[in-house]
Amino acid sequence: MAQIFPKWTNKAPLYVAIASVLIIIITGGLINYYASPLNIDVGYRPIQPVPYSHKVHVGDLGMDCRFCHTGVEYSPVAMIPPTKTCMNCHNMIKADSENLKLIRESQQNKTPVQWVRVHKSPDYVYFDHSAHITVGVGCASCHGNISEMEVVFQAKPLSMGWCLNCHRNPDDHLRPFDKITNMTWTPPANQAEFAAKQKALLDIKAPTTDCTGCHR
Amino acid sequence: MSNTINSAVGGKKYWRSLDHLAETPEFKDLVQKEFPQGASELTDPVSRRKFLSLMGASMALAGLTSCRRPVEKIIPYVVKPEEIIPGKPQYYATNMPFGTESFGLLVESHEGRPTKIEGNPSHPTTKGSSNVFMQAEMLNLYDPDRSKQILENGMVSNWDKYRAAWNQEAQNYSENGGEGLAVLTESFASPTLKRLANAFLEKYPRARWVTYDSISDENIYKGLMAATGVMARPNYEFSKASVVLSLDADFLQMDSNDIQYSREFAGRRRVRSEKDSMNRLYVVEGTFSITGGMADHRLRVQSGQVGMFAAALAAELKAQGLAINAPQVSASFDAKWLKALAADLIANKGQSLVLGGRRQPAEVHALVALINDALLNTGKTVSYSVNPDAQVSNLESLVELTNAMNKGEISALFMLGGNPIYQAPADLAFTDGLA
Amino acid sequence: MSILNKHPERDPSVAEAVASDELLVTGGHTFTTLTDKVSGIVEKKTPPQWYLLFAMAISGLLVLLGAIGWLVFEGTGIWGLNNPVGWGWAIVNFVFWVGIGHAGTLISAILFLLRQQWRTAINRFAEAMTIFAVICALVFPGIHVGRIWLAYYMFPIPNQMLIWPNFRSPLLWDIFAVGTYFTVSTLFWYVGLIPDLATLRDRATKLRKKVLGFFALGWRGGNRQWQHYEKAYLMLAGLATPLVLSVHSVVATDFATSMVPGWHTTIFPPYFVAGAVFSGFGMVMTLALIARKIYGLEDIITVNHLERMNKIILVTGSMVGYAYLSEFFIAWYSGNQFEVFAFINRALGPYAWAYWIMFTCNVITPQIFWFKKVRRSIPIMFVASIFVNIGMWFERFVITVTSLSRDYLPSSWDYFSPSFWDIITFVGSFGLFFTFFLLFLRFLPMVALSEVKGVLPEADPHHYSHKDGGAK
């Protein structure tokens, strides 16, 4: 009987099988990378109504984060400063700057400035700034090096896996209290030792990894 | 364009107006506006395809835009109030008048918006606990039916107009002493409101001040009035009562002061050392209540028969040797239950407590006071107090008011709170009186 | 010892057996006539009844798709679920369809290992039924999650959340159990199909030949091929055998691990497996009787086959009945008031109607098969098989809904009534099932040709007499 298919088709199933496995792995990997917050959310840099530069204020002038974000040690939210905070300085310094027009208008008309949110955790996630700051997690651990950002952008994925990574192994992210707002701190060689001491000092248990820790 | 409307080619021609028939320029213009250029392309197969492909492309692009993050605004204060830390709640201590009672509350507030009510831990009426009414009060604050402005005949008005209108009216009433003027309120015990009410009645001595609540302690006050001659209210000391008999009184959930009474009652149930003993609760009621569920001994009696039961109890107490002026009764209840109850009450003279529910008529409360007195409980587990500021609900005064309204004797009625159209007894025809 | 291994001339019992209808294939079929018969179904003109049934099935499928579309759009609120009864018809239908599948695997794997040669007449379409039933079953857990686009949460897939599903949850075991079941069943079915696809290929021309040739994987019927084939088939049968027991045991643990009175019992796994085989045979019976009638397969699926299936229905039905009674006994014996209440409530509560439908259909109906006359009467067994299907659906309904609707707290009790969408989703799932099944009947050999040929007397090496030179 004549052959229906040419001889090379004998090997075809094997090739097809290998190819499908490869395709599944590669597509899965690509989706896993490109559709993840790491790729989608990192780098989000909206244009703000007022061209405020963290680089100038924090990097060049060396202001502390808590000068403006006063709630960060006491409250779940760090707080965007009220217009009054800006004007405390800027009614003297660069009082006529074009860039500050909106701030002055806000001061005069009592209308708030509408800033655009950069770091957003979903509504079903409970996040408390003060709980992290008071145990020694630095600002830069989640926000990146703000002191070099002309316009603030999202530096970390803020995905659930990213949160859990630290919650499961927090030791590398604990710092001395005077280094909390330091933007360029790197863990010293004896970090493990320090972390153990810090945890004993503050009586910190392992951070929660229960569902209800964040999804309250 | 007009030929698409006149599309009945070859058949009868239909027209919708004389202009249409005559094909005047105005009509053509109108049609052109109604069906603009390009809409007719949908009837052309090629254009239709083009339209769909364009739609498809725009849908695809719309899909892409949805990948972009929605812009969310953060709106800070212009000048931050000093005491507010955004994200941190503030707690305000306040009071919630409830009938002639009052509850001490702590209200949680987020950036100026109250979100939760709990009892105030340092206030004796609540000590940090709350009840259903307090929890529900929060919804009242955000009730969309709450009136936000002055309305006049359903139209938005303002305070100035209201004052002007009332000043005009007030002229007449101050001349005739308030004849035809009436105020309807819910019961209250606020000293300020009482003072204002007295001032009002001083100025308009012939005006009526009517207080009515559909659910209140009215019967209790009236019963004690009958028994003692003063408008007094009872205060129970559950912490001193070893045997408690509740006659249809749901003091653990629905009756006045339930929070305080629940705590004190529970305190006597808790056994912390070998010297502690538990109290015993008898409940006689017609429907299942939380209190009935807590009872050690519960007797199911029709609500209307509870008075009879109280009388039978008095008779039984007398039969067992207590000095009490018992009325004659013919109804028969579970004799064994009654005997045991009476014996228990007598054995705990001075540490027993009998209380009647607010559903029961005044006579029951008078009898309850009598029984408590005979059991030497007065001054120990139950005391009576008079609140000069209490304005107690009074059904009779509402009846009088309604009758006066129906006779046309009332020319102005102020309703301060309450919803008598909904709450007043239906056979009173209060609504007719308003018309 | 089967009749086939006996020499017809040396053993007079064979002749007797032929006379007394005990041959597996009647009507004097040879290899050739059998091939013509079964291949003809696929090759010749499709009977008009097929088109009628297919129109009905495809309409049902469209209804299902519509119902699912509306469900995705609107959410699970369109179903009759209420507060205590959070598991409604979706789980009932899931368990029902998974259960149906079990007969196919039992017939193809366990009966194969037990050398029950009568299985050859029915195993092909019973296996097909298994696969389609599992597909129907898989629809329900997929859609019942409400947010269907997150159904992948059920699978252990690495994700940006860095969490896995709860491996201690039987709902995850379900994914593995049913997934494995579907894979193995499909493989088993396909491997069995290969020689028959080759037979069809050799009779076909043009495109048809190419397509069949593609799926026949170059089957030539050589000795070496047969040797490998038999080994592969035996291995798959060995793999599939534990699945018959494990899949429904896992489904049963979905219920049994919950602290709900009426569910929390150790009898559930064996009881569910018996019920599954029972319901599966009910379904095989229904389908076999219809297909046999339409395609004139009376010679291949003989009354002897049907009688044997009825015996299995009788056995498994009695096991199910025993489980029902045993549940009552254990409830009483446990002394647990909630357990006692759950069973009194089943038999006498608001769902008593469902309980007694279930009891009548599942326990009383199969008992008629004690009588040989009944076992061999086609109209009676057809009606009985439908009763079995109904009864087994109600069993899942009774277990799921009665226990949930009245659990510990009387204040949370409620009565479950299905909504319009519940009903058409269920009806639609039959559309899905029959669409697949009818397509299978139309395009693939519905009887395992090569296996049936193996049980023909002609297959016996000693069939042809030596005296006349082997040409009988």
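**Cores, contacts and domains in a three-chain model**

Of the 124 residues in the largest nonpolar core, the ones touching the most other members are Val98(C), Met129(C), Ala133(C), Ala137(C), Phe281(C), Val284(C) and Val452(C). The model is a predicted one, and everything below should be read with that in mind. Take Val452(C) from that list: setting aside neighbours within four places in sequence, its contacts are Val25(C), Leu34(C), Thr120(C), Ala121(C), Ile300(C) and Val447(C). There is also a second, separate core, with 47 residues, and among them are Val243(B), Val283(B), Leu353(B) and Ala369(B). As a general point, nonpolar side chains in soluble globular proteins tend to be buried together.

Chain B also offers a buried alanine to look at. Ala366(B) sits in helix 13 of chain B, which covers residues 362-374. Ala366(B) counts as buried because it has 21 C-beta neighbours inside 10 Å, and the cut-off for that label is 20 or more. Once neighbours within four places in sequence are left out, Ala366(B) is in contact with Gly223(B), Ala226(B) and Ala227(B). Trp337(B) is another matter: 29 residues separate it from Ala366(B) in sequence, and the C-alpha to C-alpha distance is 23 Å.

On to chain A, which comes with 11 helices and one strand. Going along the sequence, the order is α-α-α-α-α-α-β-α-α-α-α-α. The C-alpha trace of chain A spans about 100 × 50 × 35 Å along its principal axes. Its radius of gyration is 25 Å, whereas a compact globule of 216 residues would come out near 17 Å. Just 18% of the 216 residues of chain A count as buried. Even so, of the contacts in chain A with a separation of 6 or more, 73% are between residues 24 or more positions apart.

The domain assignment splits chain A into domain 1 (10-39) and domain 2 (41-80 + 115-214). The C-alpha centres of these two domains of chain A are 37 Å apart. Where they touch, domain 1 of chain A puts in four residues and domain 2 of chain A puts in five. On the domain 1 side, that works out as two nonpolar residues, two polar and no charged. Chain B, for its part, is divided into domain 1 (2-65), domain 2 (90-141), domain 3 (177-215 + 393-434) and domain 4 (218-385). Between domain 3 and domain 4 of chain B, the C-alpha centres are 34 Å apart.

How do the chains meet? Two pairs of chains are in contact, and chains A and B share the most contacts. That contact takes 22 residues from chain A and 15 residues from chain B. On the chain A side, the elements giving two or more residues are helix 5 (83-90), helix 6 (101-109) and strand 1 (115-116). By type, the chain A residues touching chain B are 12 nonpolar, six polar and four charged. The strand of chain A also pairs across the chains: two bridges join strand 1 of chain A to strand 1 (residues 73-74) of chain B, and the two run antiparallel. Within that pairing, Val116(A) has Lys73(B) as its bridge partner.

Chain C meets chain A as well, with seven residues of chain C in contact with 10 residues of chain A. The chain C side of this contact divides into three nonpolar, two polar and two charged residues. Chain B and chain C, by contrast, have no contact joining them, and their closest C-alpha atoms are 13 Å apart.

Two loop residues have backbone angles worth a look. Asp203(A) has a phi near 55°, a positive value in a residue other than glycine. Asp203(A) is in the loop between helix 10 (191-202) and helix 11 (211-214) of chain A. With 6 C-beta neighbours inside 10 Å, Asp203(A) counts as exposed, since that label applies at 12 or fewer. Over in chain C, Leu162(C) likewise has a positive phi, near 55°, and is not a glycine. Leu162(C) is placed in the loop between helix 5 (123-144) and helix 6 (170-203) of chain C. Its 16 C-beta neighbours inside 10 Å make Leu162(C) count as partly exposed.

Note on methods: Residues are numbered from 1 along each chain as its sequence is written. Chains are lettered from A and ligands numbered from 1 in the order in which they are written. This is a predicted model: local features need pLDDT of at least 70, side-chain atom pairs count only at pLDDT 80 or more; totals for chains, interfaces and linings use all residues. Helices (H or I, at least four residues) and strands (E, at least two) are DSSP runs, numbered from the N terminus. The radius of gyration is taken over C-alpha atoms; the globule rule is 2.2 Å times the number of residues to the power 0.38. Ala, Val, Leu, Ile, Met, Phe, Trp, Tyr, Cys and Pro count as nonpolar, Asp, Glu, Lys and Arg as charged, and the others, Gly among them, as polar. Two strands pair if DSSP finds at least two bridges between them. Domain bounds come from an automatic or database domain assignment. A nonpolar core is a set of buried Ala, Val, Leu, Ile, Met, Phe, Trp, Tyr and Cys residues joined through C-beta atoms within 7 Å.
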